[in-house]
Amino acid sequence: MENLIDKRNPTRSFHKQPTMVWIRRVVYMLVVALLSRLYPTTSAAFSCPRRSLLLATASSFDSRSAQQKQHKQRGRNRFSSTATTRSTSTTSLRSTSTMSPTTESSSLAADCPSYQSLVTKLQRITNLERAKAVLSYDQLVFMPSAASAERGAQLAALASVLHEQTTSPELLQDIQQATQYLQGVKDTSVFQDERRLLELEDKTFQENARIPSELAQRKAQLSSSAYTAWVQARQDDDFASFAPTLSDCFETAKELADCKRGDHNKDTVSLYTQMLDEFEMGMSASRIDEIFGQIQASLVPLLTKILASPSPPSTEALSKGSFPIDKQQEMSSQIVKALGFDETMGRIDVSVHPFTTSFSPKDVRITSRFSEKEWYQGLAGTIHEGGHAMYEQGLACSSLSLDTALSMGAHESQSLFWERHVGLSLPFWEWATPLVHQSFPHLQDTTPEELYGAVNAVSKGLIRVEADELTYPLHVILRYGIEKDIVGGTMSVEDIPKRWKQEMKDLLDVDVPNDAKGCLQDVHWSALAIGYFPTYLIGAATAAQLEHYIKQDLNFDELVRKGDFAPIKAWLGKKIHRHGKRYPSLDSMLADQLGEKLNPEYLIRYLTDKYTALYKI
Ligand SMILES: [Zn+2]
């Protein structure tokens with residue numbers, strides 16, 4: 001999602017409509033969305049570096065993105081996202097051999113009425129959330145703009161019902177009684193899914209219950225006003241006017257995190273780690289320090305060498321001539337279906353900004369956008385969203401949080417695996433080049449090697465969402481360091497512009513001309529989404545690790561070269577998709593499935609080997 005932020009055009013058209021109309025819409029939608037976010041249920045939304053994924057929930061990011069797009073094209077928006085608050089966990093690692101696809105028909109229900117009652121309640125909550133997601137999708141893709149207020153009222157009504165159901169004493173009672181029952185079952189090898197589900201639901205309920213209503217309301221109000229202030233500050237290139245509001249955002253986010261972690265975790269869980277948990281369950285700041293430190297140490301000197309190369313690849317084949325939209329749509333659709341997107345359980349549409357949304361594993365929608373001037377970005381976007389969609393389609397079809405995506409980093413690993421490790425590889429272009437020739441006959445003399453070089457060209461730049469796979473990690477690392485230090489109290493919000501400019505110079509050798517193109521470019525902090533940025537790079541590192549291990553099991557390059565993608569999708573399904581939230585963290589899932597927790601050396605090696613060869617250094 002991003003939308004936070006779409007790669008190519010984050011907020012350019014915000015002010016095509018009268019400002020007051022726009023502000024009223026934003027505030028209204030944010031209030032509706034934030035009601036949902038304050039009282040989250042089983043679904044999650046994810047945000048991508050360049051595109052968007054919205055999964056069955058309304059979040060502040062969603063509304064923000066939505067509003068941004070409504071100013072570009074009626075009813076069509078880029079989505080943005082946040083993460084689940086319903087799923088973090090804590091404990092055990094389970095063997096996959098004991099996993100069942102769903103606990104909805106658990107035999108436990110026959111012996112424990114509270115468990116059956118709980119499942120019934122959770123199913124109802126999920127169905128309400130999915131209905132809300134359909135309304136949101138329709139609003140962003142198809143709905144006439146005149147219906148905005150009515151749609152807002154419909155969403156608000158659903159949010160109200162959801163709030164009531166997700167905070168009901170009866171729900172807590174069912175969780176507690178079922179937990180008590182299972183504590184009496186001493187053989188912990190049985191009912192593992194049920195135990196995990198109860199763990200997830202109890203954590204979500206307790207975290208939300210620890211947030212005072214006054215703080216929840218304050219957050220909702222601040223998110224609305226901060227977004228408006230951020231848009232204005234960016235337009236005016238005026239960080240100073242935004243700084244007090246941004247400071248409030250950080251302070252309020254800290255208060256929320258402090259409430260969520262509870263008194264029992266105050267001495268063991270840092271505030272920033274608690275914030276991370278919202279988006280990447282089980283991840284800690286110290287672990288990210290370790291991972292990102294390795295990546296930074298390797299990529300900065302590598303980038304310097306590459307940018308000094310006298311032999312950069314040509315990008316001419318991407319924009320030479322004109323590229324009919326219908327041909328691009330046809331080719332992109334053909335390719336993403338060949339990769340494994342199941343159109344019998346989803347749809348491919350066109351929107352201003354690409355995104356993915358899921359109403360269940362049997363109904364996963366992706367959208368793309370295309371430009372007549374350049375054909376690769378439209379294809380890359382479709383492949384990226386297709387990767388998200390295949391994860392969603394690969395989850396067990398149940399209504400329980402156990403069968404939702406593990407984390408935002410895990411989700412991004414799937415989109416990036418297909419976009420980068422398949423779609424940016426030479427074997428892929430050996431397979432796909434004839435399709436390009438067929439779609440764009442004037443490129444018929446272009447070779448697979450030339451297309452491979454063109455789509456992998458590196459350039460340093462100011463804007464994160466426009467960055468390539470080599471420079472993108474450094475944009476993330478910069479933001480991570482700043483937000484962690486502010487939360488930790490070792491720097492102030494007022495110092496952000498200075499540090500931003502210094503680190504852009506140090507990491508990317510880029511001079512930042514103003515704050516609008518610097519520290520004001522992202523919406524995340526104004527949405528109190530602190531701890532969100534790291535998931536982008538966690539996803540990229542995970543994708544590279546998956547490539548390493550899939551090559552041990554499959555003749556990966558040859559499969560890609562032949563266009564035989566089914567074994568690859570099946571491997572990802574086995575290693576990632578089918579597990580849902582059964583693992584307490586991405587590290588634990590990778591350790592169990594690959595034999596090794598997240599290891600950034602695979603990303604470093606992938607980038608080093610690839611770009612050293614491509615740039616002949
Ligand atoms: Zn993504």
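Just past helix α13 comes Gly-340, a residue with a positive phi, near 140°. Please keep in mind that this is a predicted model. The helix that leads up to this glycine, α13, runs over residues 325-339 and has 15 residues. From the first C-alpha of α13 to the last, the reach is 21 Å, close to the 21 Å expected at 1.5 Å a residue.

Which residues of α13 are buried? They are Gln-328, Gln-329, Met-331, Ser-332, Ile-335, Val-336 and Leu-339. If the spacing of those positions catches your eye, a general point about helices is useful here. An α-helix has 3.6 residues a turn, so residues three or four places apart point the same way. The cover over the buried residues of α13 includes two strands, β3 (346-350) and β5 (363-368), along with the helices α14 (376-394), α15 (408-422) and α16 (426-439).

One of those covering strands, β5, takes us to our next stop. Arg-369 sits in the loop between β5 and α14. Is this arginine buried or exposed? Arg-369 counts as buried because it has 24 C-beta neighbours inside 10 Å, where 20 or more are needed. Leaving out residues up to four places away in sequence, Arg-369 touches Val-350, Ser-351, Val-352, His-353 and Pro-354, and also Gly-378 and Gly-381. Ser-351 lies 18 residues from Arg-369 along the chain, and their C-alpha atoms are 5.7 Å apart.

Now let us step back to the whole chain. The protein chain has 24 helices and 5 strands. Of its 617 residues, 52% are buried. Contacts that link distant parts of the sequence are worth a look too: among those between residues at least 6 apart, 77% join residues at least 24 apart.

A pair of residues in separate parts of the chain gives a concrete case. Ala-131 belongs to helix α4 (residues 113-141), and its C-alpha is separated by 7.8 Å from that of Phe-359, 228 residues apart along the chain. Ala-131 is partly exposed, because 17 other C-beta atoms lie within 10 Å.

What about the interior? The largest nonpolar core has 116 residues, and those touching the most other members are Trp-230, Met-275, Ile-477, Ile-530, Ala-540 and Ala-541. Helix α18 (residues 472-488) supplies the largest share of this core, with 9 residues. Ala-541 is in contact with Ile-291, Leu-598, Pro-600 and Leu-603, leaving aside its neighbours within four places in sequence. There is also a second, separate core of 19 residues, which includes Val-119, Leu-122, Phe-191 and Leu-400.

Helix α18 also packs with another helix, so let us follow it there. Two packed helices are described by the angle between their axes and the distance between the axes. For α10 (residues 271-279) and α18, the axes come within 9 Å and cross at roughly 130°. That angle makes α10 oblique to α18. On the α10 side the contact involves Leu-271, Tyr-272 and Met-275, which meet Lys-484, Val-487 and Gly-488 in α18. The residues of this contact divide into 4 nonpolar, 1 polar and 1 charged. Met-275 is also one of the residues that touch the most other members of the largest core.

Continuing along the chain from α10, we come to Glu-280, in the loop between α10 and α11 (285-307). Why does Glu-280 count as buried? Glu-280 counts as buried because it has 28 C-beta neighbours inside 10 Å. Beyond residues up to four places away in sequence, Glu-280 touches Ser-407, Met-408, Gly-409, Pro-534, Thr-535, Ile-538 and Leu-586. Pro-534 is 254 residues from Glu-280 along the chain, yet their C-alpha atoms are separated by 8.7 Å.

We end with backbone angles, as we began. Asp-509 is not a glycine, but it has a positive phi of about 55°. Asp-509 is found in the loop between α19 (496-508) and α20 (534-553), and it counts as exposed because it has 12 C-beta neighbours inside 10 Å. Lys-616, also not a glycine, has a positive phi of about 55°. Lys-616 lies in the segment after α24 (601-614). With 12 C-beta neighbours inside 10 Å, Lys-616 counts as exposed.

How values were computed:
Residues are numbered from 1 along each chain as its sequence is written. This is a predicted model: local features need pLDDT of at least 70, side-chain atom pairs count only at pLDDT 80 or more; totals for chains, interfaces and linings use all residues. A nonpolar core is a set of buried Ala, Val, Leu, Ile, Met, Phe, Trp, Tyr and Cys residues joined through C-beta atoms within 7 Å. Helices (H or I, at least four residues) and strands (E, at least two) are DSSP runs, numbered from the N terminus. Two residues are in contact if their C-beta atoms, placed from the backbone, lie within 7 Å. The expected span of a helix is 1.5 Å times one less than its number of residues. Axes are lines fitted to C-alpha atoms, for helices over the stretch in contact, and angles run from 0 to 180 degrees between N-to-C directions. Angles under 35 degrees count as roughly parallel, over 145 as roughly antiparallel, 65 to 115 as roughly perpendicular and the rest as oblique. Ala, Val, Leu, Ile, Met, Phe, Trp, Tyr, Cys and Pro count as nonpolar, Asp, Glu, Lys and Arg as charged, and the others, Gly among them, as polar.
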